[in-house]
Amino acid sequence: MLLLISILSPLIPIIAGFRNRSNTLWWYSICSILNDCMIPVIRKTLGAEISVSSNIFAICEFILFLFYYKNRVFRRDTLFYFVLFVNIFLFLALTSSDTGWLTLNRLGISIFMIQYIGLSIAGFLTILRQQKIVFLERSSFFWSNVAILTYSSGAFFLFLFTIHITDSEDWLALYRLWGTLFLSLNILKNILLGIALSKKEES
């Protein structure tokens, strides 16, 4: 039941932000629900490895999150594109040479998560520095930062734990934890993104 709610939860920001389709996070929600719906189909119908689609989604997620912060946190385009291309290159290199596309690149995703945490914190600092927002609860950018920080912080620790797990019993315990904690994080993230996309963008 929790899995089904998690799969369908991107519908919250998609519906809430339908009038705000120019926002990068709306398109992220579209990619998210497509990926979440594909995983059960790939696993049960095709019997194929889901890590390939998960690795591809990780790249798409990074690109969309980074473009969301492009004009909000990055002051220079050169820095933005440097971060973008270096991270994509490193992720592709790690996936191709180390883990392989048939294995989830947990180290690469963990590196992405660290950067999401940094970007969201930088977003909060931008709000404090500019002091343009009077009521935080009405700010789309504030709720977006809350959503991304909450999601990336929880997911980062989960991925960090998986890097060092080799025992089968530990994998079973992690699988159960993943089935509750990560799915709950995903649902909470989409609820918060729904709130963010329902708010008017700050000029």
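This section describes the fold, the cavity, the salt bridge and selected residues of a predicted model.

The protein contains eight helices and zero strands. Read from the N terminus, its elements follow the order α-α-α-α-α-α-α-α. Of its 203 residues, 43% count as buried. The accessible surface amounts to about 11,300 Å², and carbon and sulfur atoms account for 69% of that area. When contacts between residues at least 6 apart in sequence are considered, 71% of them join residues at least 24 apart.

One cavity of 30 Å³ or more is present in the structure. The space in this largest cavity is about 40 Å³. Two elements give two or more residues each to the lining, namely helix H5, which spans residues 77-99, and helix H6, which spans residues 106-130. The lining is made up of Asn-87, Leu-90, Phe-91, Leu-94, Gly-108, Ile-111 and Phe-112. Helix H5 gives the most to this lining, with four residues. By residue class, the lining of the largest cavity comprises five nonpolar residues, two polar residues and no charged ones.

A single salt bridge was found in the model. The partners are Asp-77 and Lys-70, and the closest N and O atoms of the pair lie 3.2 Å apart. Residue 77 is also where helix H5 (77-99) begins. The two partners fall into separate classes of accessibility. Asp-77 has a relative accessibility of 44% and is therefore counted as partly exposed. Lys-70 has a relative accessibility of 13%, so this residue counts as buried, the limit for that class being under 20%.

Several residues in the N-terminal part of the chain were examined individually. Helix H3 covers residues 24-46 and includes Ser-29. The relative accessible area of Ser-29 is 0%, and Ser-29 is therefore classed as buried. Apart from residues up to four places away in sequence, Ser-29 touches Pro-10, Pro-13, Ile-14 and Leu-193.

Ile-30 likewise belongs to helix H3. With a relative accessibility of 23%, Ile-30 counts as partly exposed, because the buried class requires a value under 20% and the exposed class a value over 50%. The C-alpha atom of Ile-30 lies 8.2 Å from that of Leu-11, and the two residues are 19 positions apart in sequence.

Arg-21 is found in the loop between helix H2, which spans residues 11-16, and helix H3. Its relative accessibility is 38%, so Arg-21 is placed in the partly exposed class. Once neighbours within four places in sequence are set aside, Arg-21 is in contact with Trp-26 and Trp-27. A further pairing joins this loop residue to a distant part of the chain: Arg-21 and Leu-197 are 176 residues apart along the sequence, while their C-alpha atoms are separated by 8.9 Å.

Terms used
Residues are numbered from 1 along each chain as its sequence is written. This is a predicted model: local features need pLDDT of at least 70, side-chain atom pairs count only at pLDDT 80 or more; totals for chains, interfaces and linings use all residues. Side-chain values use heavy atoms; hydrogens and water are left out. Buried means under 20% relative accessible area, exposed over 50%, partly exposed in between (1.4 Å probe, protein chains only). Contact means heavy atoms within 4.5 Å. Accessible areas come from the Shrake-Rupley method with a 1.4 Å probe; for residues, only the protein chains shown count as cover. On a 1 Å grid over the protein atoms alone, a cavity is a set of points where a 1.4 Å probe fits but cannot get out, and a pocket is an open set with protein on both sides within 12 Å along at least five of seven lines; lining residues have an atom within 4 Å of a point. Grid points are joined across faces, edges and corners, and a volume is the space filled by probe spheres set on the points. Ala, Val, Leu, Ile, Met, Phe, Trp, Tyr, Cys and Pro count as nonpolar, Asp, Glu, Lys and Arg as charged, and the others, Gly among them, as polar. A salt bridge is a side-chain nitrogen of Lys or Arg within 4 Å of a carboxyl oxygen of Asp or Glu.
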